Amino acid sequence: MIIETKRLLIRDFKEEDWSRVHSYCSDEEVTKYTLWGPNSEGHTKDFINKSISAQYINPREKHELAITIKTTNDLIGNCCLNIEGSNAEIGYCFSKNYWGNGFATEVANILLKFGFKQIGLHRIYATCRPQNVGSARVMEKIGMKKEGHLREHVRSKNRWQDSYIYSILVQEFEC
Ligand SMILES: CC(C)(COP(=O)(O)OP(=O)(O)OC[C@H]1O[C@@H](n2cnc3c(N)ncnc32)[C@H](O)[C@@H]1OP(=O)(O)O)[C@@H](O)C(=O)NCCC(=O)NCCS
């Protein structure tokens, strides 16, 4: 599948993407607030292989996608839309070379449009660690509302971690 935005092409992963994905998924700064990482080569290859396998499951629930810049073909990050009935969770991660250009907002917005208009979802949500100010700001900018602070929600990196949860309902979405 391919989704286009003004500046970006969001597409299914291919096996050969792994090294470009690994360059940022192995970065400690990029993975500071993610529940995974920093990745070993094995982790990244496994992630790409699982993402590719999910492309063949019908109906498709997991959409783990590569984000590339249209003009240069640079692979700058990845995003996901994972369907759970009439709900879906979205997520995103970018190489730090591309932070601060509005790319996360552009991607998150188009994932909402895809989820609501094309798939017919009712609610889309996302979580982040409370310290991840940038990620929380992206969720606010795309119109999500903060639903709560989940205490010791997930265990990751050898500790219990809190989450903020944000969501948007179909009737709140303006495209
Ligand atoms: C968080 C992340 C996705 C933001 O991506 P980005 O492309 O830089 O975000 P945008 O440029 O669309 O910025 C959106 C808003 O967040 C703000 N923002 C982004 N990073 C920020 C930070 N570290 N601190 C404070 N604000 C930040 C921007 O200023 C902008 O707000 P504004 O328009 O009001 O100025 C990116 O830093 C990233 O990939 N981080 C590592 C992976 C990660 O944490 N993913 C999320 C897991 S929950």
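This briefing covers the surroundings of the ligand and some backbone features of the chain. The model is predicted. In it, 21 residues surround the ligand, and α4 gives the most to this shell, with six residues. Two cis peptide bonds, one joining G37 and P38 and one running from N58 to P59, are described after the ligand shell, followed by two residues other than glycine with positive phi, E152 and K157.

**Ligand shell**
- The closest of the surrounding residues are A104, T105, C128, G134 and R137.
- At least two residues of the shell come from each of β5 (87–94), α3 (103–119) and α4 (133–141).
- Sorted by class, the shell around the ligand holds eleven nonpolar and eight polar residues, together with two charged ones.

**Cis peptide bonds**
- The bond between G37 and P38 is cis, with omega about -5°, and P38 lies in the loop that runs between α1 (18–25) and α2 (41–54).
- The bond from N58 to P59 is likewise cis, with omega near 0°, and P59 sits in the loop between α2 and β3 (62–69).

**Positive phi outside glycine**
- E152, a residue of strand β7 (residues 145–156), has phi near 40°; E152 counts as exposed because 10 other C-beta atoms lie within 10 Å, and the limit for that class is 12 or fewer.
- K157, in the loop between β7 and β8 (159–169), has phi near 55°; with 13 other C-beta atoms within 10 Å, K157 is partly exposed.

Terms used:
Residues are numbered from 1 along each chain as its sequence is written. This is a predicted model: local features need pLDDT of at least 70, side-chain atom pairs count only at pLDDT 80 or more; totals for chains, interfaces and linings use all residues. A residue is near a molecule or strand if its C-beta atom, placed from the backbone, lies within 6 Å of it. Helices (H or I, at least four residues) and strands (E, at least two) are DSSP runs, numbered from the N terminus. Ala, Val, Leu, Ile, Met, Phe, Trp, Tyr, Cys and Pro count as nonpolar, Asp, Glu, Lys and Arg as charged, and the others, Gly among them, as polar. A residue is buried if 20 or more other C-beta atoms lie within 10 Å of its own, exposed if 12 or fewer, and partly exposed in between; C-beta atoms are placed from the backbone.
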